[in-house]
Amino acid sequence: QVQLVESGGGLVQVGDSLRLSCIVSGPTFNMAGAAMGWFRRAPGKEREFVAAISSRAGSRTSYADDIKGRFTITRDNAKKTVYLQLYNLQPEDTAVYYCAANAFAGGGLTYRASPAYNYWGQGTQVTVSS
């Protein structure tokens with residue numbers, strides 16, 4: 001059984017930073033071979049892509065246009081963890097943030113579409129107060 005567990009969310013002020021973590025567990029899950037992504041769902045809106053990182057060393061990353069430069073996705077395969085560093089948070093960043101894994105990625109690609117991912121976490125709430 002593969003599980004993704006996010007943490008690090010909270011209530012912050014405009015301009016603050018947060019680091020979200022996603023730990024993957026499961027005896028058969030090959031972390032190095034998985035492409036990882038972060039998505040978010042704001043109140044009243046559909047889930048949207050935030051950031052993605054390729055498998056292996058994570059040499060490729062991809063970001064949504066409206067967050068580029070403020071968020072950074074990284075991975076630590078030894079810890080089976082992917083991170084999303086959030087800088088200069090704004091009220092429009094308020095959302096539940098979800099981690100996702102494409103366990104059969106390979107190829108060093110990043111994936112921006114939800115259907116590309118076969119495992120999802122339960123989410124962590126980020127609230128930015130003005």
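**Loops, core and overall form of the chain**

Arg56 sits in the loop that joins β5 to β6 (61-63). The model described here is predicted. In this model, the phi angle of Arg56 is near 60 degrees, a positive value in a residue that is not glycine. Most residues other than glycine have a negative phi. Lys80 also carries a positive phi, of about 50 degrees, and is likewise not a glycine. Lys80 belongs to the loop between β7 and β8. Its relative accessibility is 26%; Lys80 therefore counts as partly exposed, since that class lies between the 20% limit for buried and the 50% limit for exposed residues.

The secondary structure around these loops consists of strands. The protein chain contains 11 strands and zero helices. Its order along the sequence is β-β-β-β-β-β-β-β-β-β-β.

The overall dimensions were examined next. For 130 residues, a compact globule would be expected to have a radius of gyration near 14 Å. The protein chain has 14 Å, so the model agrees with that expectation. The C-alpha trace spans about 45 × 25 × 25 Å along its principal axes. Contacts across the sequence were then considered. Among contacts with a separation of 6 or more, 61% link residues 24 or more positions apart.

Burial and surface were assessed for the whole chain. Of the 130 residues, 48% are buried. The accessible surface comes to about 6,400 Å². Carbon and sulfur atoms hold 48% of that surface. The chain bears 13 positive and 9 negative charges. The mean positions of these two sets are 9 Å apart.

The interior holds a nonpolar core. The largest such core has 40 residues. Within this core, Met36, Trp38, Leu84 and Tyr97 touch the most other members. Several strands each supply at least two residues of the core: β3 (18-25), β4 (35-41), β5 (48-53), β7 (71-76), β8 (81-86), β9 (95-102) and β11 (124-129).

Three further loop positions were inspected. Gly8 lies in the loop between β1 (3-7) and β2 (10-13). With a relative accessible area of 34%, Gly8 is partly exposed. Gly8 and Leu20 are separated by 12 residues in sequence, yet their C-alpha atoms are 4.5 Å apart. Leaving aside residues up to four places away in sequence, Gly8 touches Leu18, Arg19, Leu20 and Thr124.

Asp16 falls in the loop between β2 and β3. Its relative accessibility is 31%, so Asp16 counts as partly exposed. With residues up to four places away in sequence excluded, Asp16 touches Leu86, Tyr87, Asn88 and Leu89. Val82 is 66 residues from Asp16 in sequence, and the C-alpha to C-alpha distance of this pair is 20 Å.

Thr28 occupies the loop between β3 and β4. Thr28 has a relative accessible area of 70%; Thr28 is classed as exposed because this value is over 50%. Thr28 and Gln1 lie 27 residues apart in sequence, with their C-alpha atoms 8.0 Å apart in space.

Notes:
Residues numbered from 1 in each chain as written. Predicted model: local features only at pLDDT ≥ 70, side-chain atom pairs only at ≥ 80, totals over all residues. Heavy atoms only, no water. Helix = DSSP H or I, 4+ residues; strand = E, 2+ residues; numbered from the N terminus. Rg over C-alpha atoms; globule rule 2.2 N^0.38 Å. Buried < 20%, exposed > 50% of the residue type's maximum accessible area, 1.4 Å probe, protein only. Contact = heavy atoms within 4.5 Å. Areas by Shrake-Rupley, 256 points an atom, 1.4 Å probe, with all protein chains shown as cover. Lys, Arg positive; Asp, Glu negative; His and termini not counted. Charge placed at Lys NZ, Arg CZ, Asp CG, Glu CD. Core = buried A, V, L, I, M, F, W, Y, C linked by side-chain atoms within 4.5 Å.
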